[in-house]
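Me: Hi, I have a structure open and I'd like to talk it through. Can we start with the surface?

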Amino acid sequence: MSTLIDLILLTLMAITAIAALQLKDLFGAVMLTGIYSLLSALWFLILDAADVSFTEAAVGAGISTVLMLGTLALTRRDEKIPSHPRILPLFVVAITGAILVYGTLDMPAFADPEAPIHTHVAPHYIEKSGEEIGVPNIVTSVLASYRGYDTLGETTVIFTACIGVLLLLGIGRRREDDES
Amino acid sequence: MKQHSILRIVTKLLIPLILLFALYVQFHGDFGPGGGFQAGVIVAAGLVLYALVFGLDTASEVIKEWVLMVLVPLGVLIYAGVGVASLLLGGNFLDYNVLAHDPVHGQHLGILLVELGVGVTVAAALTTIFFAFAGRGRRNPTGQRIAQVADLAQEPPR
C-alpha cells in the first residue's frame, strides 16, 4: 500500500514537472510549480519529515507561487520562443545531471543505519537532547540550539534577500511615482 | 476585486484563523512540527492574501511600510542579541545554558527567543518582498496603471 502511494505521488510529480516545462502559458506553468511543491510536501510527509513538509507547503506552494505571479505581472504572460535551438544549455544541463547522478553512486543505501550521517552526532541528539534541551521536538532542539549558528546564518540570509529586493525594486519608489 | 463578495467574506473569516494558526505554530514548535520560520511564512501568507483580495493600499494601511522596515532587522537583532546576552552572562555565543538559573530552563528561554526572532524577520521580510513586487507593477513610467498581481487571475488568456 505504501509503495503504491509512493509510486502514484512520484508519477504525479514527474507529470507535473514535464507539463510545466511544456506549457507556453507562464501563468499555467506557475500554477503547476505550486502543485509540484504541494506534491513534494506530501512526499516529505511520507518520508516522516514533518517540519520540512510544513516549510515546503508554506513556502513552495504558498509564498513563492504568489511571488512568481508578481513577477509575471511585471513582465509578460507567455513564454518567449527562442529563435534557434539552444544546444549549449542542453549540453551543460545534461553534463551537470550526469555528474550529480554519478555522485549518488557512492552514497550509502537509503535508511542504512551504518551511514556516516547516522553514526556521527545524530545518536547524541536523539539520546541526550531530552535531558540537555528538554524540548520534545528534536528538530527544534537541533535547529535552534545545537545548530543555532546555522539558523542565525539563515535568518541573516533572509534579511539580506529582503534588502536586495528592496534595493532592486524599491518599496518607497511607488510614492515617488504617485507624486510625479 | 470589489465584485467578489464571497471571496471577500471568506477571506475575512479566514485571516484571523490563519494568524491564530501562525501563533500556534510559532509557540508550539517545541512540541510539534513547526517553529519560527514556518510561522513567519504563515503570517506573511495571511497578509499577502489580504493584500490580494482587498488591494495593496488597504494592506499598507493595516501594516505600514515603516513597521515592516523596523521588523525585518529587529528579528535578526533579537536572535543575535540572545547570543550576545549569553556572552555577557559568561557562556559562549548562543549558549543558552547560562540564560536562566538552570541549563534546561535557559535552553527553553533561548529557543523561544531565537524562534521569535526568526519568525519576526521571516514574516516581515516575505511581506516586504511581496509588497515590493506588487507595488512595482502598479504604474509604468507614463503613469498609466498596468497589470497587478490581483488582476492577473482574471485576465483572459492571450
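Me: How much area does chain A expose, and what supplies most of it?
Reply: This is a predicted model, so every value here is computed from it. Chain A exposes about 11,700 Å². Carbon and sulfur atoms supply 71% of that area.

Me: And chain B?
Reply: Chain B exposes about 7,800 Å². There, carbon and sulfur atoms supply 70%.

Me: What share of each chain is buried?
Reply: In chain A, buried residues make up 30% of the 180 residues. In chain B, they make up 44% of the 158 residues.

Me: What is the secondary structure of chain A?
Reply: Chain A has nine helices and zero strands. Its radius of gyration is 21 Å, well over the 16 Å that the globule rule gives for 180 residues, so chain A is more spread out than a compact globule.

Me: What does its C-alpha trace span?
Reply: About 60 × 45 × 35 Å along the principal axes.

Me: How many helices does chain B have?
Reply: Six, with zero strands.

Me: What about contacts between residues far along the sequence?
Reply: Take contacts in chain A between residues at least 6 apart in sequence. Of these, 45% join residues at least 24 apart. In chain B, residues 24 or more positions apart account for 57% of the contacts with a separation of 6 or more.

Me: New topic. How many residues are in the largest nonpolar core?
Reply: It has 41 residues. Those with the most contacts inside it are Ile63(A), Tyr79(B), Tyr96(B), Phe130(B) and Phe131(B).

Me: Which elements give two or more residues to it?
Reply: From chain A, α3 (50–74) and α8 (148–169). From chain B, α2 (36–54), α3 (56–62), α4 (65–88) and α5 (103–136). The one that gives the most is α5(B), with 13 residues.

Me: What does Ile63(A) touch?
Reply: Leaving aside neighbours within four places in sequence, Ile63(A) is in contact with Ala58(A) in its own chain. In chain B, its contacts are Val41(B), Ala44(B), Ala45(B), Val48(B) and Leu126(B).

Me: Which residues are in the other core?
Reply: That core lies apart and has five residues, among them Phe54(A), Ala22(B), Val25(B) and Ile42(B).

Me: Why would nonpolar residues gather like that?
Reply: In soluble globular proteins, nonpolar side chains tend to be buried together.

Me: Now Phe44(A). Where is it?
Reply: Phe44(A) is in helix α2 (residues 26–46) of chain A. It is partly exposed, because its relative accessible area is 24%, and partly exposed covers values between 20% and 50%.

Me: What is Phe44(A) in contact with?
Reply: Beyond neighbours within four places in sequence, Phe44(A) is in contact with Ala49(A), Val52(A), Ser53(A) and Glu56(A).

Me: Last topic, backbone angles. What is phi of Asp48(A)?
Reply: It is near 65°, a positive value in a residue other than glycine. Most residues other than glycine have a negative phi.

Me: Where is Asp48(A), and is it buried or exposed?
Reply: Asp48(A) is in the loop between α2 and α3 of chain A. At 70% relative accessibility, it counts as exposed.

Me: And Leu94(B), what is its phi?
Reply: Phi of Leu94(B) is also near 65°. Leu94(B) is in the loop between α4 and α5 of chain B.

Me: Is Leu94(B) buried or exposed?
Reply: Leu94(B) counts as buried, because its relative accessibility is 6% and the cut-off for buried is under 20%.

Technical notes: Residues are numbered from 1 along each chain as its sequence is written. Chains are lettered from A and ligands numbered from 1 in the order in which they are written. This is a predicted model: local features need pLDDT of at least 70, side-chain atom pairs count only at pLDDT 80 or more; totals for chains, interfaces and linings use all residues. Side-chain values use heavy atoms; hydrogens and water are left out. Helices (H or I, at least four residues) and strands (E, at least two) are DSSP runs, numbered from the N terminus. The radius of gyration is taken over C-alpha atoms; the globule rule is 2.2 Å times the number of residues to the power 0.38. Buried means under 20% relative accessible area, exposed over 50%, partly exposed in between (1.4 Å probe, protein chains only). Contact means heavy atoms within 4.5 Å. Accessible areas come from the Shrake-Rupley method with a 1.4 Å probe; for residues, only the protein chains shown count as cover. A nonpolar core is a set of buried Ala, Val, Leu, Ile, Met, Phe, Trp, Tyr and Cys residues joined through side-chain atoms within 4.5 Å.
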